Amino acid sequence: MLLAAPLASAQNIAGSPEYIKALTAKWDGERFEDGRPRVSDDLLERLKKVTIEEAWAELMKLGYQNQYEGDWELLHETEDAVMTGRAVTAQFMPMRPDLEDEIIEQGKKEGRMWEQKRTVSWVINSLVKGDVYVADTYNKEFLGTAVGSNLGNGVFNATGNGLITYGHIRDIERLRKVPGLNIWMKGYDPSYMRQTILVNYNVPIRIGHATVLPGDAVLAKPGAVLFIPPHLVEHIVTTAEFTKLSDEFGEAMIREGVYTAGQIDSNWNEEMNKAFVKWVRNYPGKLPMTREQLEKCLKERNF
């Protein structure tokens, strides 16, 4: 019903800013004109260093158990492949002529390109730098590919990122020649999209086992993708960074013979907690977080 609402009430194809703000009401920061939360570039860059396990464990602890989807193929299969960005969601459905006619009519009213019935380009025309195009093409292969070389180039030129599709792509050989572009997909098919139609974008969608909202922070690594609610990104990032600092302290104390591995691997006593606080407040290198964020972590953990 949520997905059908924009068409049933003659609203725009895209979720309105008011609708997106209502969906993401827990976010109290900056937003784009389309209503999506604008997670900072700094947090997205730091998020790249967070492992899937670190972020997923914290999301599970916070009650967000439907944010992960695995079993992906990549356009470029490399061990260090990583992509972060802000989600622009797109919902596709099997072709139905009367539904397509209604969508085209609405597109005309909105001044969209409709002559060739290429509704898929409507989403791509809305993308900006730092976005990740996230499309649910319901894993359709023949005549359902999400992008080919033209649209794939369009996504990359607009965002500087790649895309995630719960489905298939075409023109894979040409897309692999685009420097910097990567795509998380379920497979490849040489056919083009003719039996699948865009219904809405910037609305809630399902990507496999995950629920995705417009503006979610995307963390994509080889074989795995997480969709993080915007209001939790800073918490996820700083928690992971703090854990790494704790691990670094423990390893240093073991090497120096201050504590045994058994002591570090168990619950720390008051003396060890004080030693860690002193060590981290005098950290010799560049902290991955601000001093303010560090003190907040120390306070939350009662060190």
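A search of the whole structure, a predicted model, finds eight aromatic pairs, a pair being two rings of Phe, Tyr or Trp (its six-membered ring) with centres within 6.5 Å. One aromatic cluster is formed by Phe242, Phe249, Trp268, Phe276, Trp279 and Tyr283. Local features need pLDDT of at least 70 and side-chain atom pairs pLDDT 80 or more, whereas totals for chains, interfaces and linings use all residues. Residues are numbered from 1 along each chain as its sequence is written, and side-chain values use heavy atoms, without hydrogens and water.

Helix α9 (residues 233–255) and helix α11 (residues 270–281) have axes, fitted to C-alpha atoms over the stretch in contact, that come within 11 Å and cross at roughly 110°. The two helices α9 and α11 are therefore roughly perpendicular (65 to 115 degrees). In contact (heavy atoms within 4.5 Å), Phe242, Leu245, Ser246, Glu248, Phe249 and Met253 of α9 meet Met272, Ala275, Phe276, Trp279 and Val280 of α11.

The largest nonpolar core, a set of buried (under 20% relative accessible area, 1.4 Å probe, protein chains only) Ala, Val, Leu, Ile, Met, Phe, Trp, Tyr and Cys residues joined through side-chain atoms within 4.5 Å, has 31 residues. Those with the most contacts inside this core are Ala90, Phe92, Tyr133, Ile169, Ile183 and Tyr201. Elements giving two or more residues to the core include β3 (83–94), α5 (97–109) and β4 (131–136); α6 gives the most, with four.

Charges also sit over rings (NZ of Lys or CZ of Arg within 6 Å of the ring centre and within 35 degrees of the ring normal). The charged end of Arg36 is 4.7 Å from the ring centre of Phe32, and Lys186 lies over the face of Trp72 at 4.3 Å from the ring centre.

Definitions and conventions: Rings of Phe, Tyr and Trp (its six-membered ring) pair if their centres lie within 6.5 Å; planes under 30 degrees apart count as stacked, over 60 as edge-to-face and the rest as tilted. Buried means under 20% relative accessible area, exposed over 50%, partly exposed in between (1.4 Å probe, protein chains only). Axes are lines fitted to C-alpha atoms, for helices over the stretch in contact, and angles run from 0 to 180 degrees between N-to-C directions. Angles under 35 degrees count as roughly parallel, over 145 as roughly antiparallel, 65 to 115 as roughly perpendicular and the rest as oblique.
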